[in-house]
Amino acid sequence: MVAGKLIIMSFLRALLFLVFQAITVIPFALGCFLLLPFPFKWRYRFTVGWPHLLMWGAQYILGIKWEIKGRENIPDTPVVFLSKHQSAYETLLFPWFSPKPACFIYKKELNYIPFFGWALASLRNIPINRSDRKGAMQQVLSIGSQRIRAGHSPVLFPEGTRIPVGQKGRYQSGGARLAVHAGAPVIPVAHNAGEVWPRNAFLKKPGRVTFSFGPPISSEGLTHDQLNRKVEEWIEGEMRVLSPHRYNDKT
C-alpha cells in the first residue's frame with residue numbers, strides 16, 4: 001500500500017514537472033527571438049534563465065537538490081568542460097553556471113524542434129552533422145575554436161552518450177582535440193545526477209546531486225590522447241568518491 005502511494009506521488013510529481021517544462025519553455029523561447037536585435041549577452045542571460053528555472057522546479061517539484069564541489073577550479077576565462085554524462089539534468093547546469101557563455105555540441109536536427117530548438121539555434125552553439133563523422137570533427141575544431149576565441153566555453157561529453165552511474169563508456173577524443181587545437185585548458189567534471197535522474201526515465205527520485213569540477217588541465221605540450229587520458233583518470237577517480245556504492249573497486 002505504502003509503495004503504491006509512493007509510486008503514484010512520484011508519477012504525479014514527474015507529470016507536474018513535465019507540464020512545468022512545457023509551459024515555461026514557450027515564453028523564454030519567444031523572449032529570445034524578441035531579443036535578437038539586441039547584444040548577444042542580453043539574449044544569453046535571458047535565455048539561460050530557463051535551465052536555471054528548471055533546476056529550481058526540479059528542487060521544489062521533484063525534490064532534487066544540487067551542490068557544487070571545486071567551484072574555485074573554474075577560471076573566469078574560456079575553458080573546455082569535459083563532463084560525465086548520465087542524464088538531462090547536468091545539461092541544465094552549465095549554461096547559467098559557467099562564468100563564460102557555455103556552448104554545446106549537438107546534432108543539428110535539434111534546431112528544428114519548436115521553441116526549444118529555435119532558441120538553441122540562436123545561442124551560438126555548435127550544431128553538427130553526425131552522419132558525416134569526419135566533417136563533424138572539422139566543424140567541432142573550426143567552430144569550437146572560434147567560440148573559444150570569442151570568449152565562450154564549450155561543453156562536451158566525452159563518453160558520447162548517457163551512461164548509468166557506476167558504468168563507463170569509451171572516452172572519445174573530440175573534446176581533447178578541440179582543447180589542444182585551440183590551446184585551451186580543460187575542466188573535467190564528475191557528477192552523480194544519474195542517481196536521481198536516470199537516463200530516459202520519466203520518474204525521478206528526490207535526492208542531492210553533487211557536481212565536482214576538477215582542477216584545470218593544461219592542453220599545452222600534450223597530444224589529444226594524453227589529455228584525454230588525464231581527463232578520464234580524474235573523472236573516473238572522482239566518480240568513486242561521489243558514488244562509492246556503485247563501484248566494486250575503491251581505486
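Start by selecting R124, which you will find in the loop between α5 and β4 (126–128). This is a predicted model, so treat each stop as a computed picture. Look at the backbone here: R124 is not a glycine, yet its phi is positive, at about 55°. For its side, R124 counts as partly exposed, at 39% relative accessibility.

Now step back to the helix on one side of that loop. Select F116, which lies in helix α5 (residues 116–121). Is F116 buried or exposed? With a relative accessible area of 33%, F116 is partly exposed. Show its surroundings and, leaving aside neighbours within four places in sequence, you will see F116 in contact with V25 and W50. Add L30 to the selection as well: F116 and L30 are 86 residues apart along the chain, and their C-alpha atoms are separated by 9.7 Å.

Next, go to N200 for another backbone stop. N200 is found in the loop between β6 and β7 (207–213). Its phi is near 55°, a positive value in a residue other than glycine. What is the relative accessibility of N200? The value is 61%, and N200 counts as exposed.

From there, move to the loop between α7 (174–182) and β6 (186–191), and pick P185. P185 is partly exposed, with a relative accessible area of 24%; the buried class requires under 20%. Which residues does P185 touch, not counting those up to four places away in sequence? They are P78, V79, V80, P216 and I217. While you are here, draw a distance to E220: P185 and E220 are 35 residues apart in sequence and 8.1 Å apart in space, C-alpha to C-alpha.

For a view of the interior, select S83 in strand β2 (residues 80–83). S83 has a relative accessible area of 1%, so it is buried, the cut-off being under 20%. Hide its neighbours within four places in sequence and colour what remains in contact with S83: F94, L156, F157, P158, V189, H191 and I235.

Keep L156 highlighted, and bring in the nonpolar cores. The largest has 42 residues, and F81, Y89 and F213 are those with the most contacts inside it. A second, separate core of 25 residues includes L156, A184, L227 and M239. Colouring the two sets separately lets you place L156, a contact of S83, within the second core.

Finally, zoom out to the whole chain. Its secondary structure comes to 8 helices and 7 strands. The radius of gyration is 18 Å, close to the 18 Å that the globule rule gives for 251 residues, so the chain is as compact as a globular protein of that length. Along the principal axes, the C-alpha atoms fill a box of roughly 60 × 55 × 35 Å.

Switch on contacts and you can follow how the chain meets itself: of the contacts with a separation of 6 or more, 71% are between residues 24 or more positions apart. Then colour by burial, where buried residues make up 47% of the 251 residues.

End with the surface view. The accessible surface comes to about 12,800 Å², and 59% of that belongs to carbon and sulfur atoms. Colour by charge for the last picture: the chain has 31 positive and 15 negative charges, and their mean positions are 8 Å apart.

How values were computed. Residues numbered from 1 in each chain as written. Predicted model: local features only at pLDDT ≥ 70, side-chain atom pairs only at ≥ 80, totals over all residues. Heavy atoms only, no water. Helix = DSSP H or I, 4+ residues; strand = E, 2+ residues; numbered from the N terminus. Rg over C-alpha atoms; globule rule 2.2 N^0.38 Å. Buried < 20%, exposed > 50% of the residue type's maximum accessible area, 1.4 Å probe, protein only. Contact = heavy atoms within 4.5 Å. Areas by Shrake-Rupley, 256 points an atom, 1.4 Å probe, with all protein chains shown as cover. Lys, Arg positive; Asp, Glu negative; His and termini not counted. Charge placed at Lys NZ, Arg CZ, Asp CG, Glu CD. Core = buried A, V, L, I, M, F, W, Y, C linked by side-chain atoms within 4.5 Å.
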